[in-house]
Amino acid sequence: MNIVVVKDYNEMSAKAFELIKAVVTENPKAVLGCATGSTPLGLYDAMIRDHRENGTSYKDVMTVNLDEYMGLDKENEQSYAYFMRKNLFDHIDIKLENTHIENGMASDAQAECDRYNALLAEHSPDVQILGLGSNGHIAFNEPGTSFDSVTHAVDLTESTIKDNSRLFSSEDEVPRRAFTMGLKNIMAAKKIVVLANGGNKAKAVHGLVCGAITEDVPASILRMHSDCTLICDEAAASLLPKERI
Ligand code: GLP
């Protein structure tokens, strides 16, 4: 795993942008694996700015998102589908029909997982963007998830519900279940870019880089990927031993 430690959030976003832009420039039909959460917002801003200023086009790019809350319609402002439109898709020239995410309102959860797995089998990301949960989760693959998992429905842990409640008016409103790509789907991406910033991610970053490769720390599977880059700020890297930085 390549580890890049930068000063702050802005530098992290700028570095991530360089990597994503290189993929899209090399292949205008690239498949981008997108993530939600606060972490990739700076990257998405940089993509939007670059699209406006330099004309980088996404008209033939396809996206697949990691996860979606169950029970939220795509027009619901808390849904990840809405998040992606508001924070990226509405501001670049991507065709909405080329953007994919699990349907949080699917009545048959297994059929929805099967549909998404079939899509991913055909369109595995050229690059997958990842944030990190403070408990070491990636997408919504919570500690204990099998390394062999594919898209599935999950019960969110209390710590994830608490972490994500800052974006809802109360903890009670956070959905308890979600669809998520599995760890095996994520590992199938050609390239992976993991982003982490802030001291509340330091433990998860340590687990990702230094701990055992174990299903108890879902992110640790990324050490087995042949092209994975972690970009984190100094606060998120604060528990890493000096020789790893
Ligand atoms: C959620 C998402 C993850 C994301 C994580 C971290 O649980 N399902 O994909 O990486 O939150 O979020 P944030 O970037 O806001 O810290």
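**Exercise 1. Find which side-chain atoms approach oxygen atoms of the ligand, and state how much of the ligand the protein covers.**

Solution. Begin with Thr-39 in this predicted model: one of its polar side-chain atoms lies 2.4 Å from an oxygen atom of the ligand. Continue with Lys-201, where a polar side-chain atom is placed 2.6 Å from a ligand oxygen atom, and then with His-137, where the corresponding distance to an oxygen atom of the ligand is 2.9 Å. With a cut-off of 3.5 Å between N or O atoms, each of these pairs counts as a polar contact. Finally, turn to the surface of the ligand, which on its own has 390 Å² of accessible area, 94% of it covered by the protein.

**Exercise 2. Describe the shell of residues around the ligand, naming those that come nearest and sorting the shell by class.**

Solution. The shell consists of 13 residues, and those that come nearest to the ligand are Ser-38, Thr-39, Asp-67, Arg-166 and Lys-201. Sorted by class, the shell around the ligand holds 4 nonpolar, 6 polar and 3 charged residues. Two of the nearest residues, Thr-39 and Lys-201, have already appeared in the previous exercise, Thr-39 with its distance of 2.4 Å and Lys-201 with its distance of 2.6 Å.

**Exercise 3. Decide which pocket the ligand takes up, and work out what lines that pocket.**

Solution. The ligand occupies the space of the largest pocket, whose volume is about 700 Å³. Its lining is made up of 35 residues, with Thr-36, Gly-37, Ser-38, Arg-166 and Leu-167 lying nearest the centre. Two or more lining residues are given by each of the elements β4 (67-69), α3 (80-87) and α5 (158-164), and the largest share, 5 residues, belongs to α3. By class, the lining of this largest pocket contains 15 nonpolar, 14 polar and 6 charged residues. Ser-38 and Arg-166, which lie nearest the centre of the pocket together with the others named, are also among the residues that come nearest to the ligand.

**Exercise 4. Describe the second largest pocket, and name the element that supplies the largest share of its lining.**

Solution. The second largest pocket has a volume of about 280 Å³ and a lining of 15 residues, of which Lys-74, Ala-81, Arg-85, Thr-99 and Ile-101 lie nearest its centre. At least two lining residues come from each of α3 and β5 (99-100), while the largest share, 3 residues, is that of α3. The lining of the second largest pocket divides into 6 nonpolar, 5 polar and 4 charged residues. The helix α3 thus supplies the largest share of the lining in the largest pocket and also in the second largest pocket.

How values were computed:
Residues numbered from 1 in each chain as written. Predicted model: local features only at pLDDT ≥ 70, side-chain atom pairs only at ≥ 80, totals over all residues. Heavy atoms only, no water. Near = heavy atom within 4 Å. Polar contact = N/O pair within 3.5 Å; in protein donor to acceptor, adjacent residues only side chain to side chain. Areas by Shrake-Rupley, 256 points an atom, 1.4 Å probe, with all protein chains shown as cover. 1 Å grid on protein atoms, 1.4 Å probe; cavity = no way out; pocket = protein on both sides within 12 Å on 5 of 7 lines; lining within 4 Å. Sits in = over half its atoms within 2 Å of the grid points. Nonpolar A, V, L, I, M, F, W, Y, C, P; charged D, E, K, R; others polar. Points joined across faces, edges and corners; volume = space filled by probe spheres on them. Helix = DSSP H or I, 4+ residues; strand = E, 2+ residues; numbered from the N terminus.
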